[in-house]
Amino acid sequence: MEELVKAVGKLKGKGLLLTHHNADLDAVSSALGLKYGLGKLGLEMDIGVAESVSRAGKKLLGSEEIIVDPDCKNYEWVFLVETSVPEQLASVKNLRVDLILDHHPAGPLVKGAKAVWIDEKEKAAALMVFRLLKVLGVEITAEIAKILLAGIVADTAHLRLAERGEFLVVAELLGTGVKFSDVLNTIEGEVDFSERVAVLRALGRIEVYRLGELLVCFTEIGSFESQTARALVKAGADIAVVFDRKKEELRVSSRAKKTIEDRGIDLSILFIEVGKIIGGTGGGHPTAGSANGRKVKAIPEVIEFLLGELEKVYGKAERLE
Ligand SMILES: [Mn+2]
């Protein structure tokens, strides 16, 4: 973190806080938390995103402005949060990165950056923003606390993945007077109609495999792939893999119960390989792997690879009709 603290101290002029396409709650929370926090140090900055902001992210943004596909040329410095992978920033103009804060495995953008703080053990980028702001001596106001709590709660599956360390931060943030129920209201919202339709249609196309007591399912959908994977795990799958096949791009999203980690299965590692299989890149978290690639016809290969890896641990896969 030291390197990043030093680099922040040297920032001058107007900057850009940049985050990845379809910015999720943690991405928006981190960028917004940094904007308010670094703003207290007298820095001026815009927030930028590639392509779009997720629905939940938009709700957290409220009336705060965000620039879609900004031009990095217009800024003295660019501070990237929640990614270091150029594929997630493809539509940003004159992409350039000076500072990086993230909790995913390091991507290619790390090479060109002046200061990097990546910690894969951190469960949310918003947690790292909190730690950075504290070291910088920024007062964590209730406004900042509420923003950061949204990212932390979202990325820990509503604190189900949180342990003592994360709860200590949450308790400290709540100490500013923010109510936890208000945080939940900000991030939960209603599931919109098109998402519910997408999830239900995905159920109709589902393929279920049984490996001993492990249930793995695969399905295809036109959007909402991560939401669908999450819904399938809630519905009983141990691992859910959802394909979203566009004309020239295949997106694969997955979610799993935490119990797979006890058996040494790590989706972030398996999805690096999935990325290669589909001619792109992949990664993620132990219970949430994802990949994007160009080989839109590679779905059977991905299924074969994942079942093969799981069979090494859980035994033979049997398709359930
Ligand atoms: Mn995150």
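## A tour from the sheet to the manganese site

Begin by selecting helix α2 (residues 25-39) in this predicted model; the helix lies across β1 (15-19), β2 (45-49) and β4 (77-81), and runs at about 170 degrees to β2. Next, colour the strands beneath the selection: 6 of them form an open sheet in the order β3-β2-β1-β4-β5-β6, with parallel pairing. The edges of this sheet are β3 (67-68) and β6 (115-118), each of which pairs on one side only.

Move now to strand β5 (residues 99-102), which pairs with β6 in the parallel sense over 4 bridges. If you pick Ile-100, you will find Val-116 of β6 standing opposite. Helix α4 (residues 125-135) can be added to the selection here, since this helix lies across β4, β5 and β6 and runs at about 120 degrees to β5.

Show side chains next, starting with Phe-79. Leaving aside residues up to four places away in sequence, Phe-79 touches a set of residues that includes Leu-4, Val-8, Leu-34, Leu-38, Ile-100, Leu-101 and Leu-132. Phe-79 is also among the residues with the most contacts inside the largest nonpolar core, a group of 56 residues, together with Leu-34, Leu-38, Leu-101, Leu-132 and Leu-173. A second core, separate from that one, has 30 residues, and Tyr-209, Leu-270, Leu-310 and Tyr-314 can be selected as members of it.

Then centre the view on the metal. Which residues coordinate the manganese ion? The donors are Asp-26 (OD), Glu-82 (OE), His-103 (NE2) and Asp-155 (OD), at 1.9 to 2.3 Å. Along the sequence, these donor residues follow the spacing D-x55-E-x20-H-x51-D. Two of them, Glu-82 in the loop between β4 and β5 and Asp-155 in helix α5 (residues 142-155), link distant parts of the chain, being 73 residues apart.

Stay with Glu-82 and inspect its backbone: phi is near 70 degrees, a positive value in a residue other than glycine. Most residues other than glycine have a negative phi. Is Glu-82 buried or exposed? Glu-82 counts as buried because its relative accessibility is 2%, where the cut-off for buried is under 20%.

Finish at Glu-51, in the loop between β2 and α3 (55-61), where phi is likewise near 70 degrees and positive in a residue other than glycine. The relative accessible area of Glu-51 is 44%, so this residue is partly exposed, falling between the limits of 20% for buried and 50% for exposed.

Technical notes: Residues are numbered from 1 along each chain as its sequence is written. This is a predicted model: local features need pLDDT of at least 70, side-chain atom pairs count only at pLDDT 80 or more; totals for chains, interfaces and linings use all residues. Side-chain values use heavy atoms; hydrogens and water are left out. A nonpolar core is a set of buried Ala, Val, Leu, Ile, Met, Phe, Trp, Tyr and Cys residues joined through side-chain atoms within 4.5 Å. Buried means under 20% relative accessible area, exposed over 50%, partly exposed in between (1.4 Å probe, protein chains only). Contact means heavy atoms within 4.5 Å. Two strands pair if DSSP finds at least two bridges between them. Helices (H or I, at least four residues) and strands (E, at least two) are DSSP runs, numbered from the N terminus. Axes are lines fitted to C-alpha atoms, for helices over the stretch in contact, and angles run from 0 to 180 degrees between N-to-C directions. Donors are N, O and S atoms within 2.8 Å of the metal (3.2 Å for Na, K and Ca); water is not among the atoms, so sites may look incomplete.
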